[in-house]
Structure formats: structure tokens, C-alpha cells
Amino acid sequence: MTKLTVLVVDDDQDIRDGIEIYLKNDGYHVLKAGDGVEALNMLSQHEVHLIVLDIMMPNMDGITATFKIRAERNIPIIMLSAKAEDSDKIHGLSVGADDYITKPFHPLELMARVKSQLRRYVELGTFQNSAVQVEGLELDAAGRQILKDGEPVKLTPIEYKITELLLKNAGRVFSIQEIYEMVWKEEAYNAENIVAVHIRKIREKIETDPKNPRYLKVVWGLGYKMEK
């Protein structure tokens with residue numbers, strides 16, 4: 001199997017080199033960039049399967065780079081930041097990151113998150129039901145995409161997994177804890193804001209009027225469901 005490629009973006013060379021050692025030890029091909037501009041250039045020249053992206057960088061920071069990446073690509077993005085506040089984490093996730101880890105971090109924790117994101121991105125998506133439809137909204141599991149009125153919807157990997165879960169179980173209400181644990185594959189802890197941010201972003205992409213959703217609805221006190 002061809003090696004999966006991880007792009008490490010950080011203005012600190014020691015951090016880039018340190019992460020590279022662990023990634024290579026786990027069998028990944030590694031590309032490195034010192035800022036967002038360099039990262040975008042790398043993406044235009046190479047096939048990349050996951051990005052480890054620092055937030056605070058010169059020339060172009062991680063937030064701006066994520067906006068630009070998300071305009072064209074759905075590859076997983078794990079953000080790095082020295083800030084630990086929930087508001088910073090929510091901001092990172094709201095612009096399109098799939099995961100967030102605070103510096104300083106244990107390299108093995110980062111590797112576990114890299115493996116988890118790549119497993120969802122590369123391996124998952126082959127299901128018994130290759131297509132599920134809900135009046136104008138369609139899940140193409142084989143192609144790992146969501147279609148609205150026949151047109152692909154640009155979703156991040158996490159947004160896709162949430163939409164896939166709800167579409168395949170249209171009409172069923174999922175609690176925030178259930179959504180988090182089924183999509184992130186880890187125990188839910190303070191997951192309310194994280195899930196809510198992703199639900200809002202999904203609505204902005206699949207709903208004609210996000211404030212009056214046709215598809216993705218909240219069931220107050222219980223959770224969310226995809227309307228049949």
C-alpha cells in the first residue's frame with residue numbers, strides 16, 4: 001500500500017522535526033512547511049492525506065490557511081496551539097479543523113489522533129448501503145460524499161461522518177454524547193459546544209435556510225436527528 005502523506009506545518013523547526021520522527025517511525029511519508037503560504041504551495045504540488053497545522057505562524061496563520069484549504073479540500077486537519085481555552089478550541093473547529101491539540105503535547109497522543117483521523121478519512125466509508133436518500137439529500141457512501149439536489153456538498157471529514165450517521169438513521173434522535181462517541185470514537189467530555197459547532201456548519205452547507213432547517217433538526221433536551 002502506498003504510504004500516507006502527512007503535512008506538518010509549524011514555524012518552529014524543532015517541533016516540525018520532532019513530529020516528523022514519530023510520523024516516519026509509524027510509516028508515514030512526511031512533508032514540512034514553516035507557515036500557511038508554504039503549506040498551500042505544498043498542497044498544490046503533492047497528494048496529502050492529513051495536515052498537522054499550527055495556529056500562530058508568520059506570513060499566514062493556521063486559521064487563514066484552514067479557510068483556504070477548506071475551500072477546495074476535505075482532508076483532515078489537526079490544529080496545534082499553545083492556547084488551551086475552550087473558546088480557542090471552538091474557533092479552530094468552527095473554521096474547519098477536525099481535531100485540536102494543545103502545546104505542549106505528548107507525541108504519542110498526537111500519533112493516536114493522526115491514526116484516528118486517517119482511519120476515518122481513508123478506510124471508512126465502505127458500507128452495505130452505498131446510497132441513502134432523504135428528499136433532495138443523498139448519501140453516496142461509496143464515493144464518501146453528500147449530494148444536495150445532485151450536487152456534491154463540500155464537507156470536512158468530521159462533518160461528513162456526522163451527516164452520514166444521521167442520514168443512515170433518518171428519524172432517529174441521537175444525543176450529543178452519542179454523536180461525539182460514534183464519530184470521534186472517544187469518550188465524550190464537554191462535547192456540547194464541539195458538536196454544536198459542527199452541526200451549525202453542516203446546516204450552513206445543506207440547508208436552504210439554516211435558521212429554519214428542513215433536514216438537520218434539534219430535538220430540545222434530547223439531541224439531533226435527520227428528518228425523514
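**A walk through the helices and loops**

In helix 2, which spans residues 36-45, the buried residues are G36, A39 and L43. Because these residues cover an arc of only 55 degrees around the axis, they sit on the same side of helix 2. The neighbours against which the buried residues of helix 2 pack are strand 1 (5-9), strand 2 (29-33), strand 3 (50-54) and helix 3 (62-70). On the face of helix 2 turned away from that buried side, the exposed residues S44 and Q45 are found. The model described here is a predicted one, and the features below should be read with that in mind.

From helix 2 we can turn to helix 5 and the loop that leads to it. P104 lies in the loop between strand 5 (99-102) and helix 5 (107-123), and the peptide bond that joins K103 to P104 is cis, with omega near -10 degrees. Within helix 5 itself lies Q117, which counts as buried because its relative accessible area is 2%, below the cut-off of 20%. Leaving aside residues up to four places away in sequence, Q117 touches L50, P76, I78, D98, D99 and I158.

Two packed helices are described by the angle between their axes and the distance between the axes. For helix 6 (residues 157-168) and helix 7 (residues 176-184), the axes come within 10 Å and cross at roughly 120 degrees, so helix 6 is oblique to helix 7. The crossing of these two helices, helix 6 and helix 7, is right-handed. On the side of helix 6 the contact is made by I158, K161, I162 and L165, and on the side of helix 7 by I179, M182, V183 and W184. Sorted by character, the residues of this contact of helix 6 with helix 7 comprise 7 nonpolar, no polar and 1 charged.

Helix 7 also packs against helix 8 (192-206), here at an angle of about 80 degrees and with the axes 10 Å apart, which means that helix 7 is roughly perpendicular to helix 8. Helix 7 contributes I176, I179, Y180 and W184 to this contact, while helix 8 contributes E192, I194, V195 and H198. The residues of the contact of helix 7 with helix 8 divide into 6 nonpolar, 1 polar and 1 charged.

Which residues does W184 touch, not counting those up to four places away in sequence? W184, whose place is in helix 7, touches D98, S116, R120, I158, I162, I179, I194, V195 and H198. One of these residues, I162, is 22 residues away from W184 along the chain, and the C-alpha atoms of the two are separated by 9.5 Å. W184 counts as buried because its relative accessibility is 5%. W184 takes part in the contact of helix 6 with helix 7 and also in that of helix 7 with helix 8.

Two loops remain to be visited for their backbone angles. N190 is placed in the loop between helix 7 and helix 8, and its phi is near 50 degrees, a positive value in a residue other than glycine. D149, in the loop between strand 8 (145-148) and strand 9 (151-153), likewise is a residue other than glycine with a positive phi, in this case near 55 degrees. With a relative accessibility of 60%, D149 counts as exposed.

Key:
Residues are numbered from 1 along each chain as its sequence is written. This is a predicted model: local features need pLDDT of at least 70, side-chain atom pairs count only at pLDDT 80 or more; totals for chains, interfaces and linings use all residues. Side-chain values use heavy atoms; hydrogens and water are left out. Axes are lines fitted to C-alpha atoms, for helices over the stretch in contact, and angles run from 0 to 180 degrees between N-to-C directions. Helices (H or I, at least four residues) and strands (E, at least two) are DSSP runs, numbered from the N terminus. Angles under 35 degrees count as roughly parallel, over 145 as roughly antiparallel, 65 to 115 as roughly perpendicular and the rest as oblique. A crossing is left-handed if the near helix is turned anticlockwise from the far one by less than a right angle, and right-handed if clockwise. Contact means heavy atoms within 4.5 Å. Ala, Val, Leu, Ile, Met, Phe, Trp, Tyr, Cys and Pro count as nonpolar, Asp, Glu, Lys and Arg as charged, and the others, Gly among them, as polar. Buried means under 20% relative accessible area, exposed over 50%, partly exposed in between (1.4 Å probe, protein chains only). The arc is that of the directions from the helix axis to the C-beta atoms.
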